[in-house]
Amino acid sequence: MKSTAFTHSVTAIASAFVASFMTMGIASSVQAQNAGHLQELLAHRTCQRCELSGIAANGVNLRESFLDVADLRKSSLSGATLAFSTMYYADFRGADLSNSDLRNTFLIHSDLIQVNLSGANARNSRWKYADLTEANLQNSNLIDIELVYAKLNGANLANASLRNASLYGADLTGANLKGADLYRADLTNANVTNVDLSQANLCRATMPDGKVSMQGCMQF
């Protein structure tokens with residue numbers, strides 16, 4: 001059973017979000033719906049078809065949450081903890097997830113178009129069929145991540161760590177990979193049209209044609 005203090009804490013947090021929605025002038029019916037869904041998520045770490053678009057929850061702890069068809073468009077979740085969470089068809093379009101903890105997350109068909117993931121830690125995650133078109137992944141930790149068939153058109157991956165990442169069949173058309181670390185990454189069948197790979201570390205990476213690159217390997 002949840003403690004009284006915990007329940008009061010969750011209620012207080014939800015109330016604070018209602019106040020923020022009122023400040024932004026959002027309709028009262030939407031405020032009530034969002035606050036109720038937020039309270040459910042904070043209390044139980046589970047929320048199906050949550051309407052949470054536009055929330056400001058920087059630094060919130062949602063570790064080990066389950067989000068099914070959640071609407072988090074344009075939400076502010078900078079520094080949030082979502083490690084070990086599972087999300088099906090989550091909509092994060094235009095959201096701020098900079099410097100967030102997304103380690104070991106499992107995303108299926110999630111919409112991450114134009115999301116700010118700069119400085120985020122998504123190590124050892126499985127993001128299947130994720131749409132990261134024009135997302136900002138600069139300086140992010142994507143070591144051991146699975147981005148099979150992901151859409152990364154125009155994404156900013158400058159200085160991102162993609163060591164041992166699986167990008168099989170991913171669409172990287174026009175992506176920025178300047179300074180990215182792709183050591184032992186799998187780019188088999190990936191689309192790298194209009195991508196400048198000259199300044200990326202491709203040591204022992206498997207290229208789209210199946211060949212193993214030695215670019216960036218230290219010579220002794």
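Here are some short exercises on the structure above, each with a worked solution.

This is a predicted model, where local features need pLDDT of at least 70, side-chain atom pairs count only at pLDDT 80 or more, and totals for chains, interfaces and linings use all residues. Residues are numbered from 1 along each chain as its sequence is written, and side-chain values use heavy atoms, with hydrogens and water left out.

**Exercise 1. Sketch the order of helices and strands along the protein chain.**

Solution.
- Start with the ground rule: helices (H or I, at least four residues) and strands (E, at least two) are DSSP runs, numbered from the N terminus.
- Next, list what's there: the protein chain has 2 helices and 5 strands.
- Then put them in order from the N terminus, which gives α-α-β-β-β-β-β.

**Exercise 2. Find out which residues have the most contacts inside the largest nonpolar core.**

Solution.
- First, two terms. Buried means under 20% relative accessible area, exposed over 50%, and partly exposed in between (1.4 Å probe, protein chains only). A nonpolar core is a set of buried Ala, Val, Leu, Ile, Met, Phe, Trp, Tyr and Cys residues joined through side-chain atoms within 4.5 Å.
- Of the 220 residues in the protein chain, 44% are buried.
- The largest nonpolar core holds 59 residues, and the ones with the most contacts inside it are Leu 77, Phe 92, Leu 117, Trp 127, Leu 132, Leu 137 and Leu 152.
- Helix α2 (residues 28–44) gives the most to this core, with 3 residues.
- Zoom in on Phe 92, using contact in the sense of heavy atoms within 4.5 Å. Skipping neighbours within four places in sequence, Phe 92 touches several residues, including Leu 72, Leu 77, Met 87 and Asp 111.

**Exercise 3. Work out which cysteines pair up in the 2 disulfides.**

Solution.
- Recall the chemistry: a disulfide is a covalent bond between the sulfur atoms of two cysteines. Here the test is a pair of cysteine sulfur atoms within 2.5 Å.
- Cys 47 and Cys 50 pass, with their sulfur atoms 1.5 Å apart. Cys 47 is buried at 0% relative accessible area, and Cys 50 is buried at 1%.
- Cys 203 and Cys 217 pass too, at 2.0 Å from S to S. Both cysteines sit in the segment after β5, so their link ties together parts 14 residues apart in sequence. Cys 203 and Cys 217 are both buried.
- Count the bonded cysteines along the chain, and you get the pattern 1-2, 3-4.

**Exercise 4. Trace the salt bridges around Asp 111.**

Solution.
- The cut-off: a salt bridge is a side-chain nitrogen of Lys or Arg within 4 Å of a carboxyl oxygen of Asp or Glu.
- Place your residue: Asp 111 is in the loop between β4 (106–108) and β5 (126–128), and at 18% relative accessibility it counts as buried.
- Its partner is Arg 93, with a salt bridge of 3.4 Å from N to O. The two are 18 residues apart, as Arg 93 lies in the loop between β3 (86–88) and β4.
- Now look at Arg 93, which is partly exposed at 35%. Arg 93 also forms a salt bridge with Asp 91 (2.6 Å, N to O), and Asp 91 is buried at 13% relative accessibility.
- Put it together: salt bridges with shared partners join Asp 71, Arg 73, Asp 91, Arg 93 and Asp 111 into one network.
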